[in-house]
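Colleague: I am new to this structure. Could you take me through it?

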Amino acid sequence: MDLSESASVAELETVLDTDPETPASQPQTIGIEALGQMTTVAQGILALARARALAPNLEKTPRRYTLTEVAELVPMPRKTLEYAIQTKDLPKGDASGRKRLFTLKDVEEFRRYAGTLPWRAAGTRQAVVTVANFKGGVGKTSAAIHLAQYFALRGYRTLAIDLDPQASLTTLFGLLPDSDVPDEATALPFFMGDTPRLADIIRPTHWHGLDLIPANLALSDAEFALAKRQGGETGFVFYRPLLEGLDALGERYDIVVIDTPPAQGFITMNALFAATGLLVPLTPAMMDFASAALFLRMLTSNLDVINQYEGREKAFDFVRILLSKFEPNNKVHQQIERWVRKGFPGTVIAKNLALSAALRTGPDMQTAYESFVGDRRTLRRAMEFLDDVNEEIEALVREHWLSEGRAGARA
Ligand SMILES: Nc1ncnc2c1ncn2[C@@H]1O[C@H](COP(=O)(O)OP(=O)(O)OP(=O)(O)O)[C@@H](O)[C@H]1O
Ligand SMILES: [Mg+2]
């Protein structure tokens, strides 16, 4: 069975797409050799899924937009936009059947022409939204990718950072963490102190206006590296590098979205300390709620230590709980929603992210903002609540820029 790294798609198909054989008798014990083989097979399955999803050239291709979609995105009345396209030096789009299709870069040009590029008061800082919860599988990565794509779609200069060694966010960008992302292309060398600038590890993505710092499994070594530096480097503070690295990017981005691992640790602490806003996805199940309560307790006690160390208070511009994978007809979900909304007034995002087929990443690895496939109605419904959730976060970010801008103007 050839599933090695060099196996071709045809070889992978020969092995994986045939009917399962009657299993050979299992060895008595499972040791490193058998586990190693399972690892290879798992990698082969991922490689095949990606080859199918991203045929023909193993890259995600950016979505293109119809004239109606462009008019909504700019925004501009469709007729006015059509007239401007005909009469001005603006992108004409590519013909696709009877439609014309435009790229997100074209949309940016239309926005520049219409004066609708997102505006941010001078002297305000980039917003850094960290998505975190120690509980696994609650929809952190899903919230993070859709938030990042939403901001890019609205014309904000956006950076997504994958700080989870599981690298799910990286995978959603069409990259295989094992083979497409060398260790030095992740945030690992930055946390180790080998690469002083985040700028050196940022890469563009298939989304115009959305850059990425990817992850792979090696990133977990950053936990040890940060602990070691704390012990060995005078003046080094383990939770500060990311904040300092992001500050050093200056005016390059409006928004940074950080996806974190489902674990407490030095990497997550960096993401929390760098955050101006915190988004906590919560699935409305009792055990998950208990876990979120623990997360809040840990966060409070960690911040307490940090505040004492810093001699001043770390405060977020906003903290929001997002009820995710919500089933409106599920009685437990309804009960927990009531408690959470009552208990944390003003802290829960108004719209819940419903459990939806359009938000369950399938083998095609498409996000809701990229997808053409599947049932259009399901997709449209998912898009509506997704947009509502993201709009609320956008409003929080903008509100803060406004007050920061005003304070700056007074100073
Ligand atoms: N609203 C939703 N409806 C349906 N499926 C969802 C929804 N949100 C997330 N999922 C699916 O649930 C799974 C877990 O989601 P996700 O990876 O976003 O969680 P996570 O909190 O980042 O997990 P981890 O803690 O492992 O990083 C994924 O398969 C994702 O596609
Ligand atoms: Mg995740």
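Colleague: How far apart do the C-alpha centres of domain 1 and domain 2 lie?

Modeller: They lie 47 Å apart. This is a predicted model, in which local features need pLDDT of at least 70 and side-chain atom pairs count only at pLDDT 80 or more, while totals for chains, interfaces and linings use all residues. Residues are numbered from 1 along each chain as its sequence is written, and chains are lettered from A and ligands numbered from 1 in the order in which they are written.

Colleague: Which domains is the protein chain divided into?

Modeller: Domain 1 covers 9-52, domain 2 covers 65-114 and domain 3 covers 127-410; the bounds come from an automatic or database domain assignment.

Colleague: Where does the largest nonpolar core lie?

Modeller: Domain 2 and domain 3 both give residues to this core, so it lies between them. The core has 87 residues, and V129 and L322 have the most contacts inside it. Such a core is a set of buried Ala, Val, Leu, Ile, Met, Phe, Trp, Tyr and Cys residues joined through C-beta atoms within 7 Å, buried meaning that 20 or more other C-beta atoms lie within 10 Å of a residue's own, with C-beta atoms placed from the backbone.

Colleague: Changing topic, which residues come nearest to ligand 1?

Modeller: G136, K140, T141, S142 and P262 do, out of 19 residues around ligand 1; a residue counts as near if its C-beta atom, placed from the backbone, lies within 6 Å.

Colleague: And which helix gives the most to that shell?

Modeller: Helix α6 (residues 140-153) does, with 3 residues; helices are DSSP runs of H or I, at least four residues, numbered from the N terminus.

Key
Helices (H or I, at least four residues) and strands (E, at least two) are DSSP runs, numbered from the N terminus. A residue is buried if 20 or more other C-beta atoms lie within 10 Å of its own, exposed if 12 or fewer, and partly exposed in between; C-beta atoms are placed from the backbone.
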